[in-house]
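The following exercises are to be worked with the sequence and coordinates at hand. Each task is followed by a solution in steps.

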Amino acid sequence: MNWSWMLPPSFSTVSGDIDGIYYVILWITGIIFVITEGLLFYFIFKYRHKEGRKARYDHGSTKMEIAWTMIPLVIVLWIGFVSKGVWDTVKVDVPPAGLEVIVVGKQFEWNVTYPGPDGALGTSDDFETLNELHAPVDQPVVITLRSDDVLHSFFLPEMRIKQDAVPGQDITVWFEAIQPGDYTIGCAELCGIGHTTMGGRLIVYTEADFQAWSSAQAQQQQP
Amino acid sequence: MSTIEQEMVHAAEGGHHDHHELPFIRKYIFSTDHKMIAKQFMFVSLFFLVIGGLLAAMMRWQLGYPSQPMPGGMLLPDAMMAPTPNGAIMLPEFYNSLVTMHGTIMIFFAIMPLLVGLFGNLLIPLQIGAEDMAFPRLNMISFWLAIPAGILMLASFAVEGGAAGAGWTSYAPLSASGEWTGVYLGQQLWLASLTILGFSSLVGAVNYITTVINMRAPGMTWFRMPLATWALFITAILILLAIPVLAGALIMLLFDQTLGTGFFRPEVGGEPLLWQHLFWFFGHPEVYILILPAMGIASEVLSNRARKPIFGYHSMVLAIIGIGFLGWIVWGHHMFMSGMNPLLGTSFMISTMAIAVPSAIKTFNWMATVWKGDIHLDSPMLYALAFVSMFIIGGLSGIFMASTPVDIYIHDTYFIVAHIHYVLFGGSLFAIFAGITFWYPKMFGRMMNESLNKLHFGLTIVLYNLVFWPMHNLGLQGMMRRIYDFTQYEYLAPLQPMNEFISISVFLLVATQSIYAFNFFWSLFKGEKASDNPWDSNTLEWTVPSPPPHGNFPEMPVVYRGPYEYSSPESETDFYPQTTPPSNPPVQDLIPEPVTPTPEGF
């Protein structure tokens, strides 16, 4: 059993920053957790009822109230400030695409459309894969995410990417893998009876391997 | 005075001099007495709490032992279980119904009516010195609307297609048409049931607000009100403003389901995200509806059992009000991954971070309340301290998800399941145990058995943490929530032992609750007789007999001080009831001399 609070390894250009913020919050909350729970238990033990004990008659202290209002406020706003930068990198500032694909979720599969040899989507040389996303390493993969039916959530745990797919909406998602390998695609939003089976694979190649795979696919799927 | 006039005066006084025994049906069934309605809410919601727990246990069977025959599964119909030679295996559609109905029943039919229906009804009139609610008949209607809602919700298990299976959040379009789930009538019953329950809550909220504003006894100023009543008052305002939004959304979804409208269905021009905005605009205030009264209950018990004034009473009240306001502008944090504009994510993150502050203020004030107290570690106090201790964990784990980039990874994983249960079980439910145990003598005139309660407490706090702590770890490993068979994912398959460990702990946790149930019913008949004020408390409900008579107060109470004057040097005992007249009344020289007009004055 894994009782660890460490995150599993991650493999995208943004995942290090995401994991970094996680560890910052883990440290802050961990310290607060130990102090508050420790004090609480200490008080319970130290001030438990004994014959003759009289409680302190005390209605509070404005200084303390100000202290424990301002300190948490500064901490959480700082966390918010740091978070904003990473959030913008992941979700707002989309880099120029190395590879553009369309991912369409439907009960209970992921369909991926690639641009083909001409490098443009929506042309006759586009080709598709089912439940597999093939991508080159070290290049931003920019995905147009759609859904054909209900909500799904496109989840690449090792890339630290998650985005709901919403019918009627084109949502841009991007990631850049930093190591070739075989990774997971999951659906993280309850989407019906087969939700549990809506998994897939993300296969990341070196640039040369991806080109080879891509041209082979394009040829195979030509009508 | 003529006879008619006398009767009118009598009626206006609420008839509490009437010694005629009410007929059985008016006293126990269609009662307008707030205390009886409180008990009715309690029995019904405890029943639903048991149902919700059993649904959770079934769900945990599937997660602990994926797709293995469930013990007793043969007793369930084929629509839920697939029979095999070795026993019956749970079907995914039934698992989805369990996920949905466990959440729905626990939130709407157990925790909410326990906090609001039970404690709102029981405490508000008694703590402010009123003879009953402002509108006793509306109060009765509030309870009797909850009953058909509950029946419809349970009946949905028996209809064709099974109970609703789109999650307790019922995200459209999955919930908007049976073609996606195979659930038609079940989803419609879910919608109808919650709509009716919404009216029940609305009627109750109007009543609570009116009662608190208009019916406080002489001297019961706003800042002499116990924190439980303060919390219930703010909660009632949240209910009054949030439920109509939910009701509107539910009716729109019901129209999409039955009349073919397209509010949330994109194929006819609808907008799925609209459902999420409406649902969470209600849903986040709902989260505070489920925790504010628990905070109030814990405050009462902590101050009383530590024999010490609540630390920072005014900032506690302001924190409740602050949560009440901020609770309206944080709903988008449920939707960071929903496809709403990511720039909005940042605004909602900042408001969400801000709402952590009043919760922190409350926690520090509770800790300072027990500091240098005279702590009586009896069972209500143990439950209340568990509330504080578990709420700290639930509050801190919330910060992870408030941070938008971290939420990308842990959104919709078991991390959020752990978080919500630390707040709703570790928080709200422990406060409910504290409250029921604390006010049991007032409700029934008998004490609960202390040894059984301590046994229940010890087992529950340990098993509870064995269940929900490791769920954080599952979430960090990337295990999604609401997933029928996680072993379908290669990277999740190694989590099976931990899931099995959690499931075994859940079975024991559910079984442990029978100790409390036994104690509850045994003490009704065999419990030690309770005095009027067994906890040496200051608040008004402890000045009347246990249980209080119809009309509560034989004469109008007069309030002289705040509710938490424990260990005051002005009192000979370590408590100083709100109604005890001051021992040294203000002496004459404190009253200002009449001002003699001076020439300048003219």
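Two residues are taken to be in contact if their C-beta atoms, placed from the backbone, lie within 7 Å. The model is predicted.

**Exercise 1. The contact between the chains**

Task: Determine how many residues each chain brings to the contact, and which elements of chain A take part.

Solution.
Step 1. By the criterion above, 77 residues of chain A and 85 residues of chain B form the contact.
Step 2. On the side of chain A that touches chain B, at least two residues each come from helix 1, helix 2, strand 7 (161-165) and strand 9 (181-187).
Step 3. The most is given by helix 2 of chain A, with 17 residues.
Step 4. By residue class, this side of chain A holds 40 nonpolar, 22 polar and 15 charged residues.

**Exercise 2. A residue of helix 2**

Task: Classify T69(A) as buried, partly exposed or exposed, and state which residues it touches.

Solution.
Step 1. T69(A) lies in helix 2 (residues 62-92) of chain A.
Step 2. A residue needs 20 or more other C-beta atoms within 10 Å to be buried, and 12 or fewer make it exposed.
Step 3. T69(A) has 19 C-beta neighbours inside 10 Å and is therefore partly exposed.
Step 4. Leaving aside residues up to four places away in sequence, T69(A) touches V357(B) and I361(B).
Step 5. Between the C-alpha atoms of T69(A) and S4(A) the distance is 32 Å, at a sequence separation of 65 residues.

**Exercise 3. Helix 1 of chain A**

Task: Compare the end-to-end distance of helix 1 of chain A with the expected span, then find what its buried residues pack against.

Solution.
Step 1. Helix 1 (residues 15-46) has 32 residues, so at 1.5 Å a residue it should span 46 Å.
Step 2. The end C-alpha atoms are 45 Å apart, which agrees.
Step 3. Among the buried residues of this helix are I18(A), I21(A), Y22(A), I25(A), L26(A) and T29(A).
Step 4. An α-helix has 3.6 residues a turn, so residues three or four places apart point the same way.
Step 5. The buried residues of helix 1 of chain A pack against helix 2 of chain A, and also against helix 11 (342-370), helix 12 (379-402) and helix 13 (404-410) of chain B.

**Exercise 4. Overall form of each chain**

Task: Test chain A and chain B against the globule rule.

Solution.
Step 1. Chain A contains three helices and ten strands.
Step 2. For the 223 residues of chain A the globule rule gives 17 Å; the radius of gyration is 25 Å, so the chain is more spread out than a compact globule.
Step 3. The C-alpha trace of chain A spans about 95 × 35 × 35 Å along its principal axes.
Step 4. Chain A is divided into domain 1 (15-92) and domain 2 (99-221), whose centres, taken over C-alpha atoms, are 41 Å apart.
Step 5. Chain B comprises 16 helices and two strands.
Step 6. For the 602 residues of chain B a radius of gyration near 25 Å would be expected of a compact globule, and the value of 26 Å agrees.
Step 7. Buried residues make up 39% of chain A; in chain B, 60% count as buried.

**Exercise 5. A strand pair**

Task: State in which sense strand 4 and strand 10 of chain A pair.

Solution.
Step 1. Strand 4 (residues 132-136) has four of its five residues buried.
Step 2. Strand 4 pairs with strand 10 (residues 200-205) in the parallel sense, over five bridges.
Step 3. A135(A) has V204(A) of strand 10 as its bridge partner.

Definitions and conventions: Residues numbered from 1 in each chain as written. Chains lettered and ligands numbered in written order. Predicted model: local features only at pLDDT ≥ 70, side-chain atom pairs only at ≥ 80, totals over all residues. Pairing = 2+ DSSP bridges. Domains from an automatic or database assignment. Expected span 1.5 Å × (residues − 1). Nonpolar A, V, L, I, M, F, W, Y, C, P; charged D, E, K, R; others polar. Rg over C-alpha atoms; globule rule 2.2 N^0.38 Å.
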